[in-house]
Amino acid sequence: MTRIRRTDTPDSWHHVMNRGIARRPLHESDVDIRTFLARIAECVRRGWIEVHAFTVLTNHFHLLVRSPAGRLSVAMQYAQNDYSRWFNRVRGRDGPLYRGRYHSKRVTTLAYRRHLV
């Protein structure tokens, strides 16, 4: 069965989230959180996304992003892959870190956007 194509048009808003595999921690320390956010910041510098709100918990994260050029999937692929490679290398482990591909839900109303913030 094929995956449903994501709808990411320029200037669209998204609620992005992902969880650690088997509900295990994605972030075990403050350094992990800063490293993950640095990957997200690199995506912002490259102009792929704009982050308007975020929360990073031990085993998952939520982002409210605007995709100015419709490059959300590029940004999330870069950020998650680079972070999981770093996380595994630092801990001398291998294998997946995330439960699966990230989940994104289009934010189509101002009320939903405010609720996320």
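These legends go with a handful of close-ups of helices α1 and α2 and the loop ahead of α1.

A quick note before the pictures: this is a predicted model, so local features need pLDDT of at least 70 and side-chain atom pairs count only at pLDDT 80 or more, while totals for chains, interfaces and linings use all residues. Numbering runs from 1 along each chain as its sequence is written, and side-chain values use heavy atoms, with hydrogens and water left out.

**View 1. Helix α1 end to end, residues 30-45.** Helices here are DSSP runs of H or I with at least four residues, strands are E runs of at least two, and both are numbered from the N terminus. At 1.5 Å a residue, the 16 residues of α1 should span 22 Å, and the end C-alpha atoms are indeed 22 Å apart. (That expected span is 1.5 Å times one less than the number of residues.) After the helix comes Gly47, with a positive phi near 85 degrees.

**View 2. The two sides of α1.** Which residues of α1 are buried? They are Asp32, Thr35, Phe36, Arg39, Ile40 and Cys43. Looking down the helix axis, these buried residues fall within an arc of 135 degrees, so they line one face; the arc is taken from the directions from the axis to the C-beta atoms. Over on the other side, Asp30, Arg34 and Arg45 are exposed. Buried means under 20% relative accessible area and exposed means over 50%, with partly exposed in between (1.4 Å probe, protein chains only). The buried residues pack against β2 (50-56), β3 (60-67) and α2 (72-91).

**View 3. Asp32 in helix α1.** Asp32 has 2% relative accessibility, so the residue counts as buried. Setting aside residues up to four places away in sequence, Asp32 touches His27, Tyr83, Trp86, Phe87 and Arg91. Contact here means heavy atoms within 4.5 Å.

**View 4. Where α1 meets α2.** The two axes come within 9 Å and cross at roughly 150 degrees. Axes are lines fitted to C-alpha atoms, for helices over the stretch in contact, and angles run from 0 to 180 degrees between N-to-C directions. The helices are therefore roughly antiparallel, a label for angles over 145 degrees. α1 passes α2 in a right-handed crossing, meaning that the near helix is turned clockwise from the far one by less than a right angle. From α1, the residues involved include Phe36, Arg39 and Ile40, and their counterparts in α2 include Tyr78, Ala79 and Tyr83.

**View 5. Helix α2 and what covers its buried residues.** The 20 residues of α2 should span 28 Å at 1.5 Å a residue, which agrees with end C-alpha atoms 28 Å apart. Among the buried residues are Leu72, Met76, Gln80, Ser84 and Asn88. Their cover includes β1, α1, β3 and β4 (103-106). Just past the helix, Gly92 takes a positive phi of about 65 degrees.

**View 6. Ala75 in α2.** At 0% relative accessibility, Ala75 counts as buried. Leaving out neighbours within four places in sequence, Ala75 is in contact with Cys43, Trp48 and Ile49. Ala75 and Ala41 sit 34 residues apart in sequence and 10.0 Å apart in space, C-alpha to C-alpha.

**View 7. Ala22 and Arg23 in the loop between β1 and α1.** Ala22 has a positive phi near 55 degrees despite not being a glycine, and is exposed at 63% relative accessible area. Arg23, also not a glycine, has a positive phi near 60 degrees and is exposed at 59%.

Key
Angles under 35 degrees count as roughly parallel, over 145 as roughly antiparallel, 65 to 115 as roughly perpendicular and the rest as oblique.
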